[in-house]
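Reader: Please show me the structure and then discuss the empty spaces inside it and the place where the ligand sits.

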Amino acid sequence: METVVSGIRSTGNLHLGNYFGALRNFIRIQHENRCFFFIADYHSLTTHPDPKLLHENVRNVLSEYLGAGVDPDTATLYIQSDVPQVTELYLLLNMHAYVGELERTSSFKDKVRKHADNVNAGLLTYPVLMAADILLHKADKVPVGKDQEQHLEMTRRFARRFNNIYGVEYFPESMPCDFGSGLIKVPGLDGNGKMGKSEGNGIFLIDSDKDIRKKVMRAVTDEGPKTPNSEMSEPVANIFSIMKIVSAPDTVEYFTEKYNSCEIRYGDLKKQLAEDIIACVAPIRERILEIRSNDAYLSKVVREGAEKARASAEKTVSEVREIMGFKKF
Ligand code: AMP
């Protein structure tokens, strides 16, 4: 049995990227492994969320996890800030994380470019907090999307460094969990990049059928192929990438052939894609709406999850303290 850890920031509703990149893989293996799933509300602080919205956001993501299929009776589902041990491990790991390597992280460089007015220390040390989340339970496997590959590499580096410095074999090498098919990146419908919470290009698990149809029909395309078997432009390739994830293989094959023979009608492609997304999202959305209104259930899940997560975290942090030389008087 392996230990699996995964988390999602509480900065907004879950989208198809979160679901297909991380959540679905976690759900697939949750019954055969020791699994921890958390809502990263400390991580969300880098963008200074409105305190009036913080709790509501956590609540939404919690019901979305549950609606998508995380089973709190087997997996440990918890809120990051309910487990303060993570902040201690973060502090301890920070002592062996170097500013140069943190500054070279591509997500940090990207944030500096996009939000030059808010380059805070939390942003710089984001990969250390992420490493603390993962190492807190000594995770063997981490279901993540392709965008997190570098952060996970850093987690392994911090773990190895800790083991080397203190001469122990304590932290494992936490590996991404991709079921052998490679890590995936779900693109946005705006023609480039990845689907994200703040990019305004997401299809959310909570979206109505009408919203999904509207968003997909507005997806960026091009003027259509001019010669048989021509290379796809990025926006069209993105639509096909999403289709490969949500649609049946023969549907993908049908539209690929239409594209290759220059007979494709993008309107038909989008209509089919919208219906296939709806078929996957609608049942999840119904469960989310049901769970969201059940306060008693949500608080029971959070309470029990925090207890289980704290027990695991406390064990790790006290062992780390001992390894580092802290002793009780
Ligand atoms: P975030 O929404 O940035 O907190 O990401 C939470 C999880 O979802 C991480 O494991 C990410 O790798 C994954 N994820 C986010 N966006 C995408 C995407 N567009 N494609 C694949 N995985 C994603």
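Reader: How many cavities of 30 Å³ or more does a search of the whole structure find?

Author: The model discussed here is predicted. Rolling a probe the size of a water molecule over the atoms shows where empty space is left. With a threshold of 30 Å³ or more, the search of the whole structure yields 1 cavity.

Reader: Which helix gives the largest share of the lining of the largest cavity?

Author: The largest cavity holds about 50 Å³ of space. Its lining consists of Leu93, His96, Phe158, Arg161 and Phe162, which by class amounts to 3 nonpolar, 1 polar and 1 charged residues. The largest share of this lining, 3 residues, is supplied by helix H8 (residues 149-166).

Reader: What is the volume of the largest pocket?

Author: The lining of the largest pocket comprises 49 residues, and Arg9, Lys111, Asp147, Gln148 and Lys194 are those nearest its centre. By class, this lining has 17 nonpolar, 20 polar and 12 charged residues. The volume of the largest pocket is about 1,400 Å³.

Reader: Which element gives the most to the lining of the largest pocket?

Author: At least two lining residues come from each of E1, H1, strand E2 (34-40), helix H5 (106-114) and helix H7 (126-135). The element that gives the most, with 7 residues, is H5.

Reader: Where does the ligand sit, and which residues come nearest to it?

Author: The ligand is located in the largest pocket. The residues around the ligand number 18, and by class they are 6 nonpolar, 7 polar and 5 charged. Those that come nearest are Arg9, Gly145, Asp147, Val186 and Met195.

Reader: Which element gives the most to the shell around the ligand?

Author: Strand E1 (3-9) and helix H1 (16-29) each provide at least two residues of the shell around the ligand. Both elements also supply at least two residues each to the lining of the largest pocket. In the shell around the ligand, the element that gives the most, with 4 residues, is H1.

Reader: How much of the area that the ligand exposes when taken alone does the protein bury?

Author: Polar atoms of the protein approach the ligand at several points. A backbone N or O atom of Gly17 is 3.2 Å from a nitrogen atom of the ligand, and a polar side-chain atom of Asn18 is 2.9 Å from an oxygen atom of the ligand. A polar backbone atom of Gly145 lies 2.7 Å from an oxygen atom of the ligand. Taken alone, the ligand exposes 480 Å², and the share of this area that the protein buries is 96%.

Technical notes:
Residues are numbered from 1 along each chain as its sequence is written. This is a predicted model: local features need pLDDT of at least 70, side-chain atom pairs count only at pLDDT 80 or more; totals for chains, interfaces and linings use all residues. Side-chain values use heavy atoms; hydrogens and water are left out. A residue is near a molecule or strand if one of its heavy atoms lies within 4 Å of it. A polar contact is a pair of N or O atoms within 3.5 Å; within protein, one must be able to donate a hydrogen and the other to accept it, and residues adjacent in sequence count only if both atoms are side-chain atoms. Accessible areas come from the Shrake-Rupley method with a 1.4 Å probe; for residues, only the protein chains shown count as cover. On a 1 Å grid over the protein atoms alone, a cavity is a set of points where a 1.4 Å probe fits but cannot get out, and a pocket is an open set with protein on both sides within 12 Å along at least five of seven lines; lining residues have an atom within 4 Å of a point. A molecule sits in a cavity or pocket if more than half of its atoms lie within 2 Å of its grid points. Ala, Val, Leu, Ile, Met, Phe, Trp, Tyr, Cys and Pro count as nonpolar, Asp, Glu, Lys and Arg as charged, and the others, Gly among them, as polar. Grid points are joined across faces, edges and corners, and a volume is the space filled by probe spheres set on the points.
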